[in-house]
Amino acid sequence: SGSMVWGAPGDTTLIGAGYTEIVPYRFDYWTATTTAGAPSIRYSHTAVWTGSRMIVWGGYNGSAYLHDGGQYDPVANTWTATTTTGAPGVRGEGHTAVWTGSRMIVWGGYNGSAYLNDGGQYDLVANTWTATTPTSAPSVRGYHTAVWTGSKMIVWGGYGGALLNDGGQYDPGANTWTLTRTTNAPSVRAYHTAVWTGSRMIVWG
């Protein structure tokens, strides 16, 4: 118990103040995340950082596709389950998640039998889900990319029975989609990468 501070190795001022040096260098040790209350085992899930918590959601446990998850508080080293009420349907792989600053948006992916073009907005504080509209949404897909622009989520490319080179802009406030143009778009692909520059999305590979 007590407090911990960062200091240079061998800091005589801190040692003189009663602190004990627990590691010889800064940032060179691991602390285990607690398993108490943690989501069940899984892989191919998504994770976002909210600024204070990590939210993990969905994935596959080797026998079933999932639609649950948890919020992890690294300071308290505690987990809080995300509600499944109103959550998007199960999806074990190929979906994406972005953090808007107030909500996590999950979209697309594969549920074990079909590719999807639905999703949901998860409100961390209220622990509630709101469905993303299917109206004008991009076609079903997984293994696409998603970036957050500061006001919209852009999804692009992926695989939905065929490789794709289209996508859409999702406005979470209005709950509306606008399709991205395909003119001069890169060729069809999945498992690619995408980043947001502040004004443009760059897709590569």
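This report walks through a predicted protein model, from its overall make-up to two of its sheets and one buried aspartate.

**The whole protein**

Let's start with the broad view. The protein has 205 residues, and 36% of them count as buried. Its secondary structure consists of 1 helix and 14 strands. If you draw a box along the principal axes, the C-alpha atoms fill roughly 65 × 35 × 30 Å. Among the contacts with a separation of 6 or more, 46% link residues that are 24 or more positions apart.

**The sheet from β1 to β4**

The sheet to look at now is an open one of 4 strands, ordered β1-β2-β3-β4 and paired in the antiparallel sense. Its edges are β1 (46-49) and β4 (78-81), each of which pairs on one side only. From one strand to the next, the twist averages 20 degrees.

If you would like a place to see the pairing, try β1 and β2. Strand β2 covers residues 54-57, and 4 bridges join it to β1 in an antiparallel arrangement. One residue pair to find on screen is Val 48 with its bridge partner in β2, Ile 55.

**Asp 73, a buried acid**

Strand β3 spans residues 69-73, and Asp 73 belongs to it. Which side chain of opposite charge is nearest to Asp 73? It is that of Arg 53, at 4.1 Å. A salt bridge needs a side-chain nitrogen of Lys or Arg within 4 Å of a carboxyl oxygen, so a pair at a distance beyond that cut-off is not counted. Asp 73 is thus buried yet has no salt bridge.

What does the side chain of Asp 73 reach? It comes to 2.9 Å from the backbone nitrogen of Val 75. Setting aside neighbours within four places in sequence, Asp 73 is in contact with Ser 52, Arg 53 and Thr 78.

**The sheet from β9 to β12**

Further along the chain there is an open sheet of 4 strands in the order β9-β10-β11-β12, with antiparallel pairing. Here the edge strands are β9 (145-148) and β12 (176-179), and each has a pairing partner on one side only. Ignoring direction, neighbouring strands in this sheet are turned by 25 degrees against each other on average.

Strand β10 (residues 153-159) and strand β11 (residues 163-171) run antiparallel and are joined by 6 bridges. Two residue pairs illustrate this: Ile 154 stands opposite Gln 169, and Trp 156 has Gly 167 as its bridge partner. On to the next strand: β11 and β12 pair in the antiparallel sense over 4 bridges. Gln 169 also has a counterpart there, standing opposite Thr 178 in β12. Gln 169 therefore makes a handy landmark for following the pairing, with bridges being what defines paired strands.

Two hairpins link these strands, and each has a residue with positive phi, as the table shows.

| Hairpin | Residues between the strands | Residue with positive phi |
|---|---|---|
| β10 and β11 | 3 residues | Gly 161, about 105 degrees |
| β11 and β12 | 4 residues | Asn 175, near 55 degrees |

Gly 161 lies in the turn between β10 and β11, while Asn 175 belongs to the hairpin of β11 and β12.

Methods:
Residues numbered from 1 in each chain as written. Predicted model: local features only at pLDDT ≥ 70, side-chain atom pairs only at ≥ 80, totals over all residues. Heavy atoms only, no water. Buried < 20%, exposed > 50% of the residue type's maximum accessible area, 1.4 Å probe, protein only. Lys, Arg positive; Asp, Glu negative; His and termini not counted. Polar contact = N/O pair within 3.5 Å; in protein donor to acceptor, adjacent residues only side chain to side chain. Contact = heavy atoms within 4.5 Å. Axes fitted to C-alpha atoms, helices over the stretch in contact; angles between N-to-C directions.
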